[in-house]
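Reader: I'd like to learn how to read a structure feature by feature. Could you walk me through one?

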Amino acid sequence: MVKLLRSISPTRAIMGRLFLWFWATFIVTALLAIWGSRLFFEDLEIVAIQPREIAVLNQVVEHLQNSRFQNAPLHEPLDRFSRGGRGRMVAVDMSDNRLISGGGPPLRENDKEDLLRLVNQTSPIAVKRGAFKILGPVFFERNGTRFALFTVRLEMPEKQTPPVLLFLTIALITTVLLSWLFAKSLTNPILRIQSSAKRIASGDWQARVGRAAKRQDELGQLSRDFNKMAEQLESMWGAQKRLLADVSHELRSPLARLQMALGLAHQQNVDPETLSRVEREAERMEALVSQLLTLSRAEAGEATMQKQMLSLVLDDVFTDANFEAANKHKQLKIDEIPKALVVVDSVMLCRAVENVLRNAIRHSALSTHISFSEDAKHWCIHITDDGDGLTVEECERIFSPFYRATLARERESGGVGLGLSIAKAAVELHHGLIIAEPVERGGLRVTLSFPK
């Protein structure tokens with residue numbers, strides 16, 4: 001039974017939730033507005049009479065009985081005496097209960113009924129219905145006809161809101177609050193999915209959508225599908241890393257046998273040129289396997305962190321790079337290395353800096369510059385060359401395995417497209433960040449940023 005009710009529940013679909021929430025908002029708003037109107041428009045009640053109000057009525061009666069107003073239609077003096085803050089003057093003809101008033105909008109039916117009920121009062125009385133206050137009667141005669149005089153005054157309750165503004169405020173607050181809650185219930189799971197997607201894009205394969213996956217509507221289904229996709233991606237990525245590591249290890253044995261065969265061939269006086277070519281290809285294959293193994297270890301998170309002086313860690317790397325640049329008739333400018341203690345895996349850090357630096361020297365025109373910077377949370381190494389540079393799109397892709405930029409990394413360079421991938425994995429092993437960006441005057445700047 002419970003499963004049946006869940007299957008036919010309109011809340012399982014966003015359309016049904018939108019429909020129900022709209023009507024819930026409408027009903028709650030209407031109920032609050034009705035409650036507010038009842039709170040504001042009270043039943044008829046008798047209120048106290050102020051002496052000055054009776055004095056105003058008696059004064060108007062004296063003026064009406066003045067000879068100069070006797071021949072004018074009654075509504076004209078009533079209209080005249082309604083001005084000046086006295087309130088609206090209304091006279092009731094006692095012979096036929098006809099109401100005569102000065103200018104202004106017609107009286108409401110409730111007010112007319114209240115006036116006729118008060119006609120038979122022998123002494124003045126004040127009643128109030130909502131914001132309207134009626135005071136009277138005071139009797140007078142005019143041309144042989146008896147009249148009862150009343151004042152009808154709009155008297156707003158103290159420290160209360162006018163009806164229209166009250167209703168508007170109630171409706172506005174209610175609809176805004178309920179709409180905000182509903183919008184939040186829809187956007188929260190979307191934001192969680194977005195956050196998880198960004199984490200996966202940055203390499204966090206364990207990112208999942210949490211509570212949103214428990215919803216029973218389309219967003220819940222989307223969250224569950226997203227989690228399933230993330231699991232498959234994580235599984236595929238793990239399988240790829242295992243395959244890469246396994247293939248690299250398996251290639252080591254045939255490469256060793258190939259090196260042995262080359263040694264025997266040299267002893268048997270086989271064609272030296274052919275052997276040299278085979279030997280070069282074997283060395284390139286050995287370098288590729290070595291890089292693949294390094295990449296696998298870096299991505300697997302295998303690190304030995306130790307506190308060391310940064311200058312001692314990088315000294316050998318910069319010495320070798322300086323020698324390589326000199327052999328290519330290029331300059332390598334190195335700023336003073338900060339005398340700071342850092343917690344790093346020296347092997348992986350050197351591999352990252354070496355790969356980026358050798359890449360910069362290879363593609364520079366004349367010089368390569370190494371600089372350092374730091375802030376409250378990070379220390380950075382900047383490697384800048386004056387080569388042809390890359391586009392912004394290529395800067396985002398050069399850290400992918402086996403990727404070659406069209407302008408600067410041709411097959412003739414001798415690389416296989418793994419150096420920067422290893423650098424990226426080594427930096428991320430230190431929970432750091434590596435980025436490449438084109439330089440305005442030409443060239444490429446690669447920044448390796450590490451947390452302190």
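Author: Happily! Keep in mind that this is a predicted model. Let's begin with a loop: His-329 sits in the one between α9 (310-327) and β8 (331-334).

Reader: What is the phi angle of His-329?

Author: His-329 has a positive phi, about 60 degrees, although it is not a glycine. Exposed means over 50% relative accessible area, and His-329 is exposed because its value is 72%.

Reader: Which other residue has a positive phi although it is not a glycine?

Author: Look at Asn-97, with a phi of about 55 degrees. Asn-97 belongs to the loop between β2 (88-93) and β3 (98-101). With a relative accessible area of 42%, Asn-97 is partly exposed.

Reader: And where is there a cis peptide bond?

Author: Go to Gly-136 and Pro-137, which are joined by a cis bond with an omega of about 5 degrees. Pro-137 is placed in strand β5 (residues 132-142).

Reader: Now helices, please. How do I read which way the residues point?

Author: The general idea is that an α-helix has 3.6 residues a turn, so residues three or four places apart point the same way. Take helix α3 (residues 51-64) as the case. Its buried residues are Glu-53, Leu-57, Val-60, Val-61 and Leu-64. Seen down the axis of α3, these buried residues fall within an arc of 100 degrees, so they line one face of the helix.

Reader: Which residues are exposed on the other side of α3?

Author: There you will find Pro-51, Arg-52 and Glu-62 exposed.

Reader: What do the buried residues of α3 pack against?

Author: They pack against α4 (75-81), β2, β5 and β6 (145-154). So β5, the strand that holds Pro-137, comes up again as one of the packing partners of α3.

Reader: How do I check the length of a helix?

Author: Compare the expected span, at 1.5 Å a residue, with the distance between the end C-alpha atoms. For the 14 residues of α3, the expected span is 20 Å and the ends are 20 Å apart, which agrees. Helix α10 (residues 346-363) has 18 residues, and here the expected 26 Å agrees with ends that are 26 Å apart.

Reader: What caps the N-terminal end of α10?

Author: Asp-345 does, with a side-chain oxygen 3.1 Å from the backbone nitrogen of Val-347. As for burial, the buried residues of α10 include Met-348, Leu-349, Val-353, Leu-357 and Ile-361, and also polar ones such as Asn-355 and His-363.

Reader: Which residue in helix α9 is tied to α10 by a salt bridge?

Author: Glu-324 forms a salt bridge with Arg-358, the closest N and O atoms being 3.3 Å apart. Glu-324 lies in helix α9 and Arg-358 in α10, so the pair ties together parts that are 34 residues apart in sequence. Glu-324 also forms a salt bridge with Lys-328, with closest N and O atoms 3.5 Å apart.

Reader: Is Glu-324 buried or exposed?

Author: Glu-324 counts as buried, at 16% relative accessibility. Its partners are partly exposed: Lys-328 at 35% and Arg-358 at 38%.

Reader: How many salt bridges are there in the structure?

Author: There are 13. Another one joins the side chains of Glu-336 and Lys-339, at 3.2 Å from N to O. Here Glu-336 is exposed at 65%, and Lys-339 is exposed at 67%. Salt bridges that share partners also join Asp-93, Asp-96 and Arg-98 into one network.

Reader: What does the side chain of Asp-114 contact?

Author: Asp-114, in helix α5 (residues 109-118), makes a polar contact with the side chain of Arg-117 at 2.8 Å. Asp-114 is buried, with 2% relative accessibility. Leaving out residues up to four places away in sequence, Asp-114 touches Leu-44, Arg-129 and Ile-134.

Reader: Finally, how do I read aromatic rings?

Author: A pair of aromatic rings is described by the distance of the centres and the angle of the planes. This structure holds three aromatic pairs. One of them, Trp-379 with Phe-450, is stacked, at 4.6 Å centre to centre and 25 degrees between the planes. That pair links distant parts of the chain, 71 residues apart: Trp-379 is in strand β11 (residues 378-385) and Phe-450 in strand β13 (residues 444-451). Trp-379 is buried at 8%, and Phe-450 is buried at 2%.

Terms used:
Residues are numbered from 1 along each chain as its sequence is written. This is a predicted model: local features need pLDDT of at least 70, side-chain atom pairs count only at pLDDT 80 or more; totals for chains, interfaces and linings use all residues. Side-chain values use heavy atoms; hydrogens and water are left out. Helices (H or I, at least four residues) and strands (E, at least two) are DSSP runs, numbered from the N terminus. Buried means under 20% relative accessible area, exposed over 50%, partly exposed in between (1.4 Å probe, protein chains only). The expected span of a helix is 1.5 Å times one less than its number of residues. A polar contact is a pair of N or O atoms within 3.5 Å; within protein, one must be able to donate a hydrogen and the other to accept it, and residues adjacent in sequence count only if both atoms are side-chain atoms. Rings of Phe, Tyr and Trp (its six-membered ring) pair if their centres lie within 6.5 Å; planes under 30 degrees apart count as stacked, over 60 as edge-to-face and the rest as tilted. The arc is that of the directions from the helix axis to the C-beta atoms. Contact means heavy atoms within 4.5 Å. A salt bridge is a side-chain nitrogen of Lys or Arg within 4 Å of a carboxyl oxygen of Asp or Glu.
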